[in-house]
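I'm opening my notebook on this one and jotting down what I looked up. Pockets go in before anything else, then cavities, then a strand, a loop residue and a helix.

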Amino acid sequence: MIPFTDSKAKARHLNQIGLEECLKLSKTGKKIRYFGLPSPKVEDLKLLKKHLAITHAVERGLKGMEWKWQHDLVVEAMLAGIPGFRLYRGDIDDIMLNGSDSFNFSIEWPYDFINLDYTGGIIYKDETGKSKRISALKHLLRMQGERNSSFFLVITVNDKHHDQGEINTILSEFAQDSQRRGCNIQKEIDTIKQSDDKRKAIFIYTSFIVIEIARNWFKGEILKPIFYTGWGGYKMLNMSYCLKYMDKRDAPTKDMIDPLKLITKEIIDLNEKNSTC
């Protein structure tokens, strides 16, 4: 079982601050609906406990030991007194795309906080060239948008991915589109693409996907990405987005991404090289 370490605890604390500010929880006292991937010992849910009304957690578990991981998560949640806890079983991308888990329990959209704390990278393309993870991300944005629901989104990934060049392609398209709008960022994009640390490229790629899809329903704010070193030396990236539903609007919000601001976005680097997550 992967431990919840100091670096991840710091990232989760920063996420909680972002959540509270995004949904103005201190001012309104609103209790929220959570959906996502909690830690096995529910440390992250304990941090959020005072804000939670409904907690819908997903656990796939290790192959051959799914039942034990799922059972243990339920027990931990019960012992911690996590409000409104329900477990969905299976792969979270499949659950979001299908609308139900492996036991046919349906997702109850919308949610106020969606936590996609993945164990891998942002893109894993199959033999047909499709990325289930990106498709699931787009689907959840549509489900939230069609239900007129503002929410806070957190995505955590490592720097390992199998994108068949898609990230660099999107970055090139982003640079070209920015050039057409009078902002030349080609040099900066080339530097990012050539870097051994792929997290900034992944951050720009993911933010571009999220905001481009979200702008059909939301006004989006991209928060500072968080870098830290994870278990096994993996380079971890924690990204968060405040997505406010835009009412009484007939067309998508235009030009929500400022190219220069995005590529120069301040990074919070926890710099804990010996930590695990």
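**The second largest pocket**

I looked up the lining of the second largest pocket and got L14, N15, I17, G18, E21, L223, K224, I226, S240 and I268. Note to self on terms: on a 1 Å grid over the protein atoms alone, a pocket is an open set of points with protein on both sides within 12 Å along at least five of seven lines, a cavity is a set where a 1.4 Å probe fits but cannot get out, and lining residues have an atom within 4 Å of a point. The space in this pocket is about 190 Å³; a volume is the space filled by probe spheres set on the points, with grid points joined across faces, edges and corners. Helix α1 gives the largest share of the lining, five residues. I sorted the lining by class and got five nonpolar, three polar and two charged residues. Here Ala, Val, Leu, Ile, Met, Phe, Trp, Tyr, Cys and Pro count as nonpolar, Asp, Glu, Lys and Arg as charged, and the others, Gly among them, as polar.

**Ground rules**

This is a predicted model, where local features need pLDDT of at least 70 and side-chain atom pairs count only at pLDDT 80 or more, while totals for chains, interfaces and linings use all residues. Residues are numbered from 1 along each chain as its sequence is written, and side-chain values use heavy atoms, with hydrogens and water left out.

**Cavities**

I found two cavities of 30 Å³ or more. The largest holds about 40 Å³ of space, and its lining is R12, N15, Q16, D44, L47, L48 and F113. Here α1 (6–23) and α3 are the elements giving two or more residues. Helices (H or I, at least four residues) and strands (E, at least two) are DSSP runs, numbered from the N terminus.

The second largest cavity has about 30 Å³, lined by R12, Y34, D44, L45, L48, F113 and N115. Its largest share, three residues, is from α3.

**Strand β4**

Is β4 buried or exposed? All five of its five residues (113–117) are buried, so the strand is largely enclosed by the rest of the structure. Buried means under 20% relative accessible area, exposed over 50%, partly exposed in between (1.4 Å probe, protein chains only). F113, N115 and D117 cover one side, I114 and L116 the other.

I checked its neighbours too. β1 (32–36) pairs with β4 in the parallel sense over three bridges, and β5 (151–158) does so over five; pairing takes at least two DSSP bridges between two strands. I114 stands opposite F35 and has L153 as its bridge partner in β5.

**H51**

H51 sits in the loop between α3 (43–48) and β2 (52–59). It is buried, at 7% relative accessible area. Leaving out residues up to four places away in sequence, H51 touches Q16, E20, L25, K30, K31 and I32; contact means heavy atoms within 4.5 Å.

**Helix α8**

Which residues of α8 (186–194) are buried? I got I189, I192 and K193. Seen down the axis of α8, they fall within an arc of 100°, so they line one face of the helix; the arc is that of the directions from the helix axis to the C-beta atoms. An α-helix has 3.6 residues a turn, so residues three or four places apart point the same way. The face turned away carries the exposed K187, T191 and Q194. Covering the buried residues of α8 are, among others, α7 (166–180), α9 (199–214) and α10 (259–263).
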